[in-house]
Amino acid sequence: MFIELTDHLRCVAEHDESFLVLLPDEVVDRSVRRGTLGCPSCGAVYHVRDGVLEAGDAPVPSADEAVPGGDALAAFAGLGGPGGYMVLVGSAAGRWAEVQAAVPGVHLVLVNPPAGVAEVRGTSVLRAARLPLRSGSMRAVVLGAPCGGDPAWVAEAARVVLPGLRVVGQGAAPTGVALDLLADAEGWWVAQRARR
Ligand SMILES: [Zn+2]
């Protein structure tokens, strides 16, 4: 986990949003390989093991869902330049290498990636039952299967993306959330968080 991502993390427990305090045990090249993150609000402790932040039970990506290429995912996300963070959830995280090539200089946060995806430079790997990320802190969120059709994950994505920026999902297009639908075709949808 990229050490600077710590500034954008939150406790996943049900209380008002709280930051987490990092106690690193091993840091290599700005990547936390081992350590703990504590919540000053509720006392929860999360572990980083082998570079992966473990913040809860993760849904398993379905391997048989076709995911578009990373170029397409990057185009859907609509990022205009380097900097900041883009989140790839579930099966979409399996496309990290192509996405990274398409959006150089954007740090990729891989949440519940398919088996075999490990952290490399420019990425962080998280496992969690909801997004352990601060509200309004990410430049884009791509929800692969099975999360793109899950209202709880869509709501989480809408929460963490910056106003005016995009959430992309695989599954039924969302309704009744704080997102404006831009496109819906071939099992994928693209939406924008309303500007304030
Ligand atoms: Zn907490």
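Begin by selecting Glu-186, which is found in the loop between strand S10 (179–185) and strand S11 (188–193). The model in the viewer is a predicted one. Glu-186 is not a glycine, yet its phi is positive, at about 50°. Most residues other than glycine have a negative phi. The relative accessible area of Glu-186 is 82%, and the residue is therefore classed as exposed.

Select Asp-50 next, in the loop that lies between strand S3 (45–49) and strand S4 (52–55). Asp-50 likewise has a positive phi of about 50° without being a glycine. Its relative accessibility is 66%, so Asp-50 counts as exposed.

**The zinc site**

Now display the zinc ion together with Cys-11, His-15, Cys-39 and Cys-42, its protein donors. The donor atoms are SG of each of the three cysteines and NE2 of His-15, at 2.1 to 2.3 Å from the zinc ion. Along the sequence, the donor residues follow the spacing C-x3-H-x23-C-x2-C. Which geometry do the four donor atoms give the site of the zinc ion? The angles among them run from 105 to 115°, and the site is tetrahedral. For four tetrahedral donors, the ideal angle at a metal is 109.5 degrees.

Colouring by accessibility is useful here. Is Cys-11 buried or exposed? Cys-11 has a relative accessible area of 0% and is therefore buried. His-15, at 22%, counts as partly exposed, because the buried class is limited to values under 20%.

**Strands S5 and S6**

Move on to strand S6, residues 107–111. Five of its five residues are buried, so the strand is largely enclosed by the rest of the structure. Viewed along S6, the side chains of His-107, Val-109 and Val-111 point one way, whereas Leu-108 and Leu-110 point the other way. Add strand S5 (residues 85–89), which pairs with S6 in the parallel sense over five bridges. Within this pairing, Leu-88 stands opposite Leu-110 in S6.

**The nonpolar cores**

Select Leu-5 and show what surrounds it. Beyond its neighbours within four places in sequence, Leu-5 is in contact with Tyr-85, Val-109, Ser-124, Leu-126, Leu-133 and Met-138. Leu-5 belongs to the largest nonpolar core, a set of 38 residues in which Leu-5 and Leu-143 touch the most other members. The greatest contribution to this core, five residues, comes from helix H3 (residues 151–160). A separate core of 23 residues lies apart from it, and its members include Val-67, Leu-73, Val-117 and Ala-140.

**Helix H3 and the loop before it**

Select Pro-146, in the loop between strand S8 (138–143) and H3. The peptide bond leading from Ala-145 to Pro-146 is cis, with omega near 0°. Most peptide bonds are trans.

Continue to Asp-150, which caps the N-terminal end of H3. To inspect the cap, draw the distance between the side-chain oxygen of Asp-150 and the backbone nitrogen of Ala-152, which is 2.9 Å.

Finish with H3 itself. How many of its 10 residues are buried? Seven are, and the helix is mostly covered. The buried residues of H3 are Trp-153, Val-154, Glu-156, Ala-157, Ala-158, Arg-159 and Val-160. Glu-156 and Arg-159 are thus listed as buried alongside residues such as Trp-153 and Val-154.

Key:
Residues numbered from 1 in each chain as written. Predicted model: local features only at pLDDT ≥ 70, side-chain atom pairs only at ≥ 80, totals over all residues. Heavy atoms only, no water. Core = buried A, V, L, I, M, F, W, Y, C linked by side-chain atoms within 4.5 Å. Buried < 20%, exposed > 50% of the residue type's maximum accessible area, 1.4 Å probe, protein only. Helix = DSSP H or I, 4+ residues; strand = E, 2+ residues; numbered from the N terminus. Contact = heavy atoms within 4.5 Å. Donors = N, O, S within 2.8 Å, 3.2 Å for Na, K, Ca; no water. Tetrahedral: all angles 85-135°; square planar, octahedral: opposite > 155°, others 65-115°. Polar contact = N/O pair within 3.5 Å; in protein donor to acceptor, adjacent residues only side chain to side chain. Pairing = 2+ DSSP bridges.
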